[in-house]
Amino acid sequence: MSVLARFPSVLMAWRNLGRNRVRTALAALGIVIGVMSIASLGMAGAAINQQATAQLGTIANEVTITPGEDNPDDGVTEEQLAEIEALVTDAAVVEQKTNDTEVSSRGQDVHVSVTGVTEANELYTVSAGEAPPRLQSGALLSNTTAQELGLELGDPVEYDGQLYRLRGLLESENSFGPSGGGELVLPLSALSEQDHYDSVTIITADGGDTAAIADRIDAEFNSYGRNDDVQLSIFTSADIQSGISGFMNTLELALLGIGSISLVVASVAILNVMLMSTVERRGEIGVLRAVGIRRGEVLRMILTEAAFLGTLGGLIGALASLAIGFLMFGTLTGDPMGVLAWPSARYLVYGFAFAVGASVLSGLYPAWKAANESPVEALRG
Amino acid sequence: MSIIELEDVVKRYESGAETVEALKGVDFQANRGEMVTIVGPSGSGKSTMLNMIGLLDSPTEGIVSLDGRNVTDLTEDERTEERRSKLGFVFQSFHLLPMLTAVENVELPSMWDTTVDRHNRAIDLLERVGLGDRLQHTPKQLSGGQQQRVAIARALINEPDILLADEPTGNLDQETGGTILEEMQRLKDEENIAVVSITHDEQLEQFSDRVVRLVDGVVRS
């Protein structure tokens, strides 16, 4: 009492809410549901975003260069390659020639794409054998194609009249790689009749600045006097990433929007509850005003009630959402604790703040109405 | 000098096209230590007159003076301050807040004023009306007579000049009503205040120093 006596509005609000516990609980439940929908949907967005970013991480450090539309040679020339290598000193530059062919074995033909490359280890991971850092002889073949043809390590594969011994089997490509069909990887010398390179891949260390590299190359090759002279087409995974994160942000916003609808509904419920309870207590508020309680004091008392409802509902809602968040992150990313990181935990804070804010806002009209009624009218009941 | 005075007070209510004149030029005054009762049939304007004296409403014409000061044209907020410091109210149906204890109900008018602690005065007042052992009871746990005593203690918490009572015995039986009136008379002398009541109850007239009869918005002495 002695502590609460310092905060009469709090004391009165607390006692008033205690008078009709079922109504208080139901009003708070509306807020709980609202907060849960905001926080859970927000956290779901964060979990999906995190998961998508993690999957993209494997190609996030690559810049791919292909001949541009204004390239006269329809390929990356030796001179251009040398220039690129001079520009990019802090990352691996892997030039490639590509073609396609049929690989035959046991009377079966399988169409595969052919890549000529020296630094095979930079681009490929093998499930058997090796991906040598300097591929001078031999070949690598997609695991799936090898199985289809019954080929094993050490077996010969023919390309352009030459035989290459299989040194490694490639892991199946992830979903962002060249899709469909298998891939045959040969030494660059195997495609020596092609003068120019079809693509150059620049691989930075993890977390390297692919965008800066792409900008440097773009400035060097694509700005000969005119802006649109595209000698080389430059592509970084950052482009996909920004596209995907843009989409993810839209998705998160949309989910939040859906969540907020339920909180809006909840605040309308609070508005209704507060309005009803002030109408019911009309005479009582008239007595308060008659005995000299100021309008501002009545207003504060009722706003405090609304704030209590919001805080109560917001807290319970945030706790329940946290539990849902653990489940969601456990399922989507395999790391339940990820929910505690700010990108998702912030939705708990937002949900709570939104709940308190919406409740106080909903209390504003009933409080104003109750405080400004003439005491004579109010006393009449 | 009278503590409260009405001079030629007129109160008109507009209801649609019709104008109702509830008070038609009423003169009235009450002094400290005096118990005045206003009687009259229903519709005579008693409640309107009490609203004027209690600064719950302002007159259409005429002057209301409180302790020699013209308070006719105060704003609602200024009237609230006057009610808080100079007036105490007792109602027919007690109007205690059900979620507060007896002592909290008594403290209610001063509750938001954190500069003074009226807790001890609240206990003192409840002891003086014979409820020293009911401090922590809620209104539900008290009889009608006890509730009205709590209401009287509440009306006196801010050391007012005037106690206004609207049918204070209206919801009580004859005997309880009598003890409540004795209580009010005793406190009136102890606190040196004016008590102004409106009533139908003839018993109240017996306890009064003066009776004012109101008929059709006009005082008939």
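Select Pro375(A) to start: this residue sits in helix α11 of chain A. The model is a predicted one. Pro375(A) counts as buried because 26 C-beta neighbours lie inside 10 Å, and 20 are enough for that class. Now show its contacts, leaving aside neighbours within four places in sequence. Pro375(A) touches Gly286(A), Arg289(A) and Ala290(A), and also Leu56(B) from chain B. For a long view, add Thr66(A). The two residues are 309 apart along the chain, and their C-alpha atoms are separated by 82 Å.

Step back to Ser374(A). This serine lies in the loop between α10 (342–372) and α11 (375–379) of chain A. Is Ser374(A) buried or exposed? Neither label fits: Ser374(A) is partly exposed, because 14 other C-beta atoms lie within 10 Å, above the limit of 12 for exposed and below the 20 for buried. Draw a distance to Asn61(A). From C-alpha to C-alpha it is 71 Å, across 313 residues of sequence.

**The helix pair α7 and α9 of chain A**

Select residues 237–280 of chain A for helix α7, and residues 295–332 of chain A for helix α9. Their axes come within 11 Å and cross at roughly 140°. The crossing of α7(A) past α9(A) is right-handed. Which residues of α7(A) meet α9(A)? Show Ile270(A), Met274(A) and Thr278(A) as sticks. On the α9(A) side, show Ile302(A), Glu305(A), Ala306(A) and Leu309(A). By class, this contact has five nonpolar residues, one polar and one charged.

**Helix α1 of chain A**

Go to residues 8–19 of chain A. Helix α1 has twelve residues here. From first C-alpha to last, the helix reaches 17 Å, close to the 16 Å expected at 1.5 Å a residue. Colour the buried positions in α1(A): Pro8(A), Ser9(A), Leu11(A), Met12(A), Ala13(A), Asn16(A) and Leu17(A).

**Where the chains meet**

Bring both chains into view. On chain B, 21 residues are in contact with 19 residues of chain A. Which helix of chain B gives the most to the side that touches chain A? Select residues 76–86 of chain B: helix α2 gives the most, with four residues. Colour that side of chain B by class and you get eleven nonpolar, five polar and five charged residues. For the complex, the predictor gives an ipTM of 0.91 and a pTM of 0.72.

**Two loops of chain B**

Stay on chain B and pick Leu55(B). This leucine is in the loop between α1 (46–53) and β4 of chain B. Check the backbone: phi of Leu55(B) is near 55°, a positive value in a residue other than glycine. Why does Leu55(B) count as buried? There are 27 C-beta neighbours inside 10 Å, so Leu55(B) passes the mark of 20.

Next, pick Asp67(B), in the loop between β4 and β5 (69–70) of chain B. Phi of Asp67(B) is also positive, near 55°. Asp67(B) counts as partly exposed, because its 15 C-beta neighbours inside 10 Å fall between the limits of 12 and 20.

**Last stop: confidence**

Colour chain B by pLDDT. The chain averages 92, and 100% of the residues score at least 70. Among the elements of chain B, strand β4 (residues 61–66) has the highest mean pLDDT, 95. Helix α7 (residues 202–207) of chain B has the lowest, 84.

How values were computed. Residues numbered from 1 in each chain as written. Chains lettered and ligands numbered in written order. Predicted model: local features only at pLDDT ≥ 70, side-chain atom pairs only at ≥ 80, totals over all residues. Axes fitted to C-alpha atoms, helices over the stretch in contact; angles between N-to-C directions. Left-handed = near helix turned anticlockwise from the far one by under 90°. Contact = placed C-beta atoms within 7 Å. Nonpolar A, V, L, I, M, F, W, Y, C, P; charged D, E, K, R; others polar. pLDDT = per-residue confidence, 0-100. Expected span 1.5 Å × (residues − 1).
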